[in-house]
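Trainee: Got a minute to walk me through this one? I'd like the overall fold, then the aromatic rings.

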Amino acid sequence: MTAPLFQPYDLAGTPLHNRIAMAPMTRARNPGCVANELTAQYYRQRASAGLIVSEGTPVSPQGQGYIDVPGIWSQEQVAGWRQVTDAVHGAQGTIFAQLWHVGRMSHSSLQPDGGQPVSASARPVAHDPRSFAFVYRDDGSRGPADPTPPRALRTDEVPGIVNDFVRGAENAIAAGFDGIELHAANGYLFEQFLNPLTNDRQDGYGGSLANRARLILDTVDAMTARIGAHRVGVRLAPNSQVFDMPAYAENEASYLYLAQELGKRGLAYVHLNDNYLHGAPAIGEAFLQAFKRAYGGTVILAGGMTRERALRLVDDGIIDIAAFGQPFIANPDLVERLQADVALTTPDRATYYGGGREGYLDYPVAS
């Protein structure tokens with residue numbers, strides 16, 4: 001009998017061939033911030049995934065934190081992404097666009113008119129070699145740089161962020177995506193608002209948990225009103241401490257509140273990203289079960305996923321879809337390898353970001 005992981009799945013009316021997702025991964029191979037033919041080939045190679053979630057695609061120039069990432073605010077970018085969605089659909093795949101705003105995780109060289117990045121507050125990112133914006137330097141070279149200290153968004157500016165995501169969602173559908181994923185994880189803008197230690201606001205977006213979660217929920221509501229709840233997913237990262245996200249006592253309670261609120265909205269899914277802490281999972285299975293009970297809909301889990309873990313978690317009903325990230329880089333036929341229990345190729349980290357075909361399109365399928 002075929003394991004549930006490899007069986008078809010109904011994602012809020014969108015049929016998936018299996019319960020394996022390709023997690024979003026920045027690859028920084030799009031000069032001019034426009035998806036290109038190489039990008040189309042890359043995703044087409046991996047279209048046997050039940051669901052592909054695209055690399056993060058900024059909804060505005062202000063939302064950009066890395067060079068050469070494909071955006072989705074212009075018609076040129078919509079046309080670029082159309083190449084990708086056509087390629088994936090031509091291979092009978094399904095693809096959602098991950099919509100992104102990095103908030104304070106940016107650099108003035110990437111911001112409009114060289115301005116400051118924006119965030120919930122003016123708290124800068126602490127210096128850490130793992131917390132960087134990837135920029136072009138003054139001499140034209142590429143490389144990491146400490147994020148520029150941000151300024152706090154004015155209250156009257158916050159609705160503009162929501163509008164940028166609504167435009168991004170509309171552009172994604174125009175580009176042929178099957179849906180969108182709101183990136184509210186991994187230390188970027190929405191998590192900067194949610195975390196009480198990075199949000200010291202005194203307005204309606206700060207203080208109480210309901211206020212700190214307001215930007216996420218307002219954005220979800222505005223996008224679902226425009227493109228339909230069945231086309232909207234949300235990515236969250238409970239207990240994450242990446243990019244100087246400080247731990248706080250009510251973290252899990254905050255995410256269970258979000259689970260309940262998002263569960264009222266009939267979304268396509270919630271995608272949890274497990275950012276491991278000190279080599280151990282940041283999201284325990286007891287919390288996973290509590291989250292799924294509170295949410296009530298489709299739950300995807302990414303982070304340190306293995307074949308054995310995916311099979312067990314889906315079999316036990318703890319999650320509905322297992323997402324794999326780095327294994328998809330070096331194994332374009334990952335679904336087939338997992339099903340046949342074939343050894344996986346190890347990706348070359350030196351070719352993760354930037355460049356051309358090498359480390360992008362040249363990984364072979366299993367013989």
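Mentor: Here is a quick tour, from the whole chain down to ring pairs. This is a predicted model, where local features need pLDDT of at least 70, side-chain atom pairs count only at pLDDT 80 or more, and totals for chains, interfaces and linings use all residues. Residues are numbered from 1 along each chain as its sequence is written, and side-chain values use heavy atoms, with hydrogens and water left out.

Trainee: How many helices and strands in the protein chain?

Mentor: The protein chain has 11 helices and 14 strands. These are DSSP runs, numbered from the N terminus: helices are H or I with at least four residues, strands are E with at least two.

Trainee: What radius of gyration does the chain have?

Mentor: 19 Å, which agrees with a compact globule of 367 residues, expected near 21 Å. The radius is taken over C-alpha atoms, and the globule rule is 2.2 Å times the number of residues to the power 0.38. Along its principal axes the C-alpha trace spans about 55 × 50 × 40 Å.

Trainee: And how much of the chain is buried?

Mentor: Buried residues are 59% of the 367. Buried means under 20% relative accessible area, exposed over 50%, partly exposed in between, with a 1.4 Å probe and protein chains only.

Trainee: What share of contacts join residues at least 24 apart?

Mentor: 74%, counted among contacts between residues at least 6 apart in sequence. A contact means heavy atoms within 4.5 Å.

Trainee: Switching to rings. How many aromatic pairs?

Mentor: The count is 13. Rings of Phe, Tyr and Trp (its six-membered ring) pair if their centres lie within 6.5 Å; planes under 30 degrees apart are stacked, over 60 edge-to-face, the rest tilted.

Trainee: Why is the pair of Trp100 and Tyr188 edge-to-face?

Mentor: Their planes sit at 80°, so the pair is edge-to-face, with ring centres 5.4 Å apart. The pair links distant parts of the chain, 88 residues apart: Trp100 is in strand β5 (residues 95-100), and Tyr188 is in the loop between β10 (179-183) and α4 (189-194).

Trainee: Are those two buried or exposed?

Mentor: Trp100 is buried, at 2% relative accessibility. Tyr188 is buried too, at 7%.

Trainee: What about Phe291 and Tyr295?

Mentor: They form a tilted pair, 6.3 Å centre to centre, with 35° between the planes. Both lie in helix α8 (residues 285-295), four residues apart, about one turn of the helix. Phe291 and Tyr295 are both buried.

Trainee: Which residues do ring pairs link into a cluster?

Mentor: Tyr42, Tyr43, Trp81, Phe177 and Tyr360.
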